[in-house]
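Biologist: Could you take me through this model step by step, and explain the reasoning behind each answer as we go?

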Amino acid sequence: MKTIICNSVQSFWDMADNELLHGQHVHCVFPVTEPLRNFILNYQIKYNIEKISFSSLFNSVG
C-alpha cells in the first residue's frame, strides 16, 4: 500500500474532497494542533481513509 504525503492542510482537504485518499494511507507533514488533528481524524471514516499519521517533527518543544 502506498502512502500519500500531505504537505499542508489545504492539500489534505483538496485530495479528500476529490476522493483521492479513498482507501489510502495518508501521512500529514504539516504542523497541527491537537484540535485540528482530532478534526482530521474524525473525517477518516467520511473520506474512507485507511490510515492517517502525523509527523512528530513539529510536536517537539525545544
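Modeller: Before we begin, a term: a residue is called buried under 20% relative accessible area, exposed over 50%, and partly exposed in between. Please also keep in mind that this is a predicted model.

Biologist: Is asparagine 48 buried, partly exposed or exposed?

Modeller: Asparagine 48 sits in the loop between helix H2 (34-42) and strand S3 (51-54), and its phi is positive, about 55°, although it is not a glycine. Its relative accessibility is 38%. Because that value lies between the cut-offs of 20% and 50%, asparagine 48 counts as partly exposed.

Biologist: And which class does glutamate 19 fall into, buried or exposed?

Modeller: Most residues other than glycine have a negative phi. Glutamate 19, in the loop between helix H1 (9-17) and strand S2 (25-28), has a positive phi of about 60° although it is not a glycine. Its relative accessibility is 65%, and because exposed means over 50%, glutamate 19 counts as exposed.

Biologist: In what order do the strands lie in the sheet?

Modeller: The sheet is open and its pairing is parallel, with S1 and S2 joined in that sense over four bridges; within this pairing, isoleucine 4 has valine 26 of S2 as its bridge partner. Strand S1 (3-6) and S3 are the edge strands, each pairing on one side only. The order of the three strands is therefore S1-S2-S3.

Biologist: What angle does the direction of H1 make with that of S1?

Modeller: H1 packs on the sheet, where it touches S1, S2 and S3. Comparing the direction of this helix with that of S1 gives an angle of about 135°.

Biologist: Which kind of aromatic pair do phenylalanine 39 and tyrosine 43 form?

Modeller: The structure holds six aromatic pairs, and in this one the rings are 5.0 Å apart, centre to centre, with 50° between the planes. Phenylalanine 39 is partly exposed at 39% relative accessibility, and tyrosine 43 is partly exposed at 23%. Because planes under 30 degrees apart count as stacked and those over 60 as edge-to-face, the pair with 50° between its planes is tilted.

Biologist: Which residues does leucine 36 contact, leaving aside its neighbours within four places in sequence?

Modeller: Leucine 36 is found in helix H2 and counts as partly exposed, at 25% relative accessibility. Its C-alpha atom is separated by 15 Å from that of asparagine 7, 29 residues apart along the chain. Once the neighbours within four places in sequence are left aside, leucine 36 is in contact with Val9 and Phe30.

Key. Residues are numbered from 1 along each chain as its sequence is written. This is a predicted model: local features need pLDDT of at least 70, side-chain atom pairs count only at pLDDT 80 or more; totals for chains, interfaces and linings use all residues. Side-chain values use heavy atoms; hydrogens and water are left out. Helices (H or I, at least four residues) and strands (E, at least two) are DSSP runs, numbered from the N terminus. Buried means under 20% relative accessible area, exposed over 50%, partly exposed in between (1.4 Å probe, protein chains only). Rings of Phe, Tyr and Trp (its six-membered ring) pair if their centres lie within 6.5 Å; planes under 30 degrees apart count as stacked, over 60 as edge-to-face and the rest as tilted. Contact means heavy atoms within 4.5 Å. Two strands pair if DSSP finds at least two bridges between them. Axes are lines fitted to C-alpha atoms, for helices over the stretch in contact, and angles run from 0 to 180 degrees between N-to-C directions.
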